[in-house]
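Q: I am new to this model. Can we walk through how to read a ligand site and the spaces in a protein?

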Amino acid sequence: MTQAYLNGAFTALEDAHISPMDRGFLFGDGVYEVIPCYDGQLVAMPYHLERLAQSLSGIALTSPHSDDALTSILTELVNRNGGGDLGVYLQITRGAAPKRQHAFPEHIEPTVFAYTFAITPPSDGSPETAKCFSAVTRTDQRWDRCHIKSTALLGNVLHMMEAIDAGAEEVLLFNSDDELTEAAACNVFVVCNGTVLTPALDHQILPGVTRRQCLELLEAHTDWPVEIRPVLRQEVAQAEEIWLSSSTKELAPIVKLDGKAVGDGKPGRMWAVAQKLFNEYRFSAN
Ligand SMILES: Cc1ncc(COP(=O)(O)O)c(C=O)c1O
């Protein structure tokens with residue numbers, strides 16, 4: 001039975017209840033993190049805590065816990081769920097107020113919720129273990145604050161459904177200047193003429209922990225050219241390789257885009273090297 005954490009207590013997930021007046025429920029007024037854990041060890045926790053602090057600051061919410069306290073809570077939660085390979089979901093909302101009003105209420109306690117779910121470890125970088133994706137392209141119709149890891153994900157959800165309705169598994173989003181932003185639930189890397197490209201961080205994309213780790217690993221362990229700059233729709237359409245990056249996937253190859261093969265339609269040579277680096281160094285940011 002999955003154990004959860006809610007506002008100071010550990011409990012069975014089905015016994016964890018919040019008020020319908022919680023602003024996370026009413027307004028999506030909250031932020032979250034998903035932290036992978038392999039063999040009971042949380043991955044890149046300092047980076048997740050750093051981003052959580054940025055997200056909380058982005059919605060003017062003071063964290064109810066220090067970084068050390070949050071780490072202890074999540075470590076305890078992992079142990080209570082048997083360690084192993086888990087995704088840890090942590091959500092902090094502004095809390096429940098007596099009245100539904102848009103303006104921030106005063107004197108309410110944030111709601112802190114966490115639970116775990118089973119995950120399979122990412123690929124070892126071999127083609128046999130690659131989880132390949134197909135994707136479609138769409139115009140990014142989300143909001144202008146995508147750098148905040150907000151629980152208000154309806155824009156992402158609707159884009160993901162566009163992919164699924166088109167028979168694909170992810171969607172690559174482009175702004176009105178035909179520049180790549182990200183995917184519905186991942187950042188994106190593109191290989192063009194042997195150069196690795198990824199969009200720069202701004203309000204249009206989430207500062208992914210895996211994106212950050214990938215850039216650090218490529219810098220430290222390869223001599224590949226890497227460019228952090230606007231990536232044009234045309235470059236994506238002609239790319240030799242496209243990778244999704246996210247905490248639970250690490251790097252996953254997109255092998256089909258808008259119905260056409262990416263490269264030779266198989267996981268790319270550079271993806272294999274990059275994903276092998278994750279296997280060796282995924283805990284290096286701990
Ligand atoms: C919209 C979006 N972009 C990027 C990412 C990747 O972020 P991370 O690598 O921190 O998991 C996610 C992960 O959930 C996401 O939802």
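A: Start with one term. A polar contact is a pair of N or O atoms within 3.5 Å. Keep in mind that this model is predicted.

Q: How far is an oxygen atom of the ligand from an N or O atom in the side chain of Thr-210?

A: The distance is 2.6 Å, so the pair falls within the 3.5 Å cut-off for a polar contact. Ser-247 also has a side-chain N or O atom by a ligand oxygen, at 2.8 Å. Lys-149 places a polar side-chain atom 3.1 Å from an oxygen atom of the ligand.

Q: How much of the ligand does the protein bury?

A: Here, two areas are compared: the ligand taken alone, and the part that the protein covers. Taken alone, the ligand exposes 390 Å². The protein buries 91% of that.

Q: Which residues are closest to the ligand?

A: Think of a shell of residues around the ligand. In this model, 17 residues surround the ligand. The closest are Arg-51, Glu-182, Val-209, Thr-210 and Ser-247. By class, the shell has seven nonpolar, seven polar and three charged residues.

Q: Which helix and strands each supply at least two residues of that shell?

A: Look at strand E9 (180-183), helix H5 (209-221) and strand E13 (241-246).

Q: Which pocket corresponds to the space taken by the ligand?

A: A pocket is an open set of grid points, found over the protein atoms alone. The ligand takes up the space of the largest pocket. About 690 Å³ of space lies in this pocket. Its lining has 35 residues. Nearest its centre lie Tyr-32, Lys-149, Leu-153, Ala-184 and Ala-185. The lining divides into 18 nonpolar, ten polar and seven charged residues. Among the elements that each supply at least two lining residues are strand E3 (30-38), helix H2 (45-58), strand E6 (111-118) and helix H4 (154-165). E9, H5 and E13 do so too.

Q: How many cavities of 30 Å³ or more are there?

A: In a cavity, a probe fits but cannot get out. The count here is two. The largest cavity holds about 40 Å³ of space. Its lining includes Val-209, Thr-210, Gln-213 and Ser-247. Helix H5 gives the largest share of that lining, three residues. By class, the lining has four nonpolar residues, five polar and one charged.

Definitions and conventions. Residues are numbered from 1 along each chain as its sequence is written. This is a predicted model: local features need pLDDT of at least 70, side-chain atom pairs count only at pLDDT 80 or more; totals for chains, interfaces and linings use all residues. Side-chain values use heavy atoms; hydrogens and water are left out. A residue is near a molecule or strand if one of its heavy atoms lies within 4 Å of it. A polar contact is a pair of N or O atoms within 3.5 Å; within protein, one must be able to donate a hydrogen and the other to accept it, and residues adjacent in sequence count only if both atoms are side-chain atoms. Accessible areas come from the Shrake-Rupley method with a 1.4 Å probe; for residues, only the protein chains shown count as cover. On a 1 Å grid over the protein atoms alone, a cavity is a set of points where a 1.4 Å probe fits but cannot get out, and a pocket is an open set with protein on both sides within 12 Å along at least five of seven lines; lining residues have an atom within 4 Å of a point. A molecule sits in a cavity or pocket if more than half of its atoms lie within 2 Å of its grid points. Helices (H or I, at least four residues) and strands (E, at least two) are DSSP runs, numbered from the N terminus. Ala, Val, Leu, Ile, Met, Phe, Trp, Tyr, Cys and Pro count as nonpolar, Asp, Glu, Lys and Arg as charged, and the others, Gly among them, as polar. Grid points are joined across faces, edges and corners, and a volume is the space filled by probe spheres set on the points.
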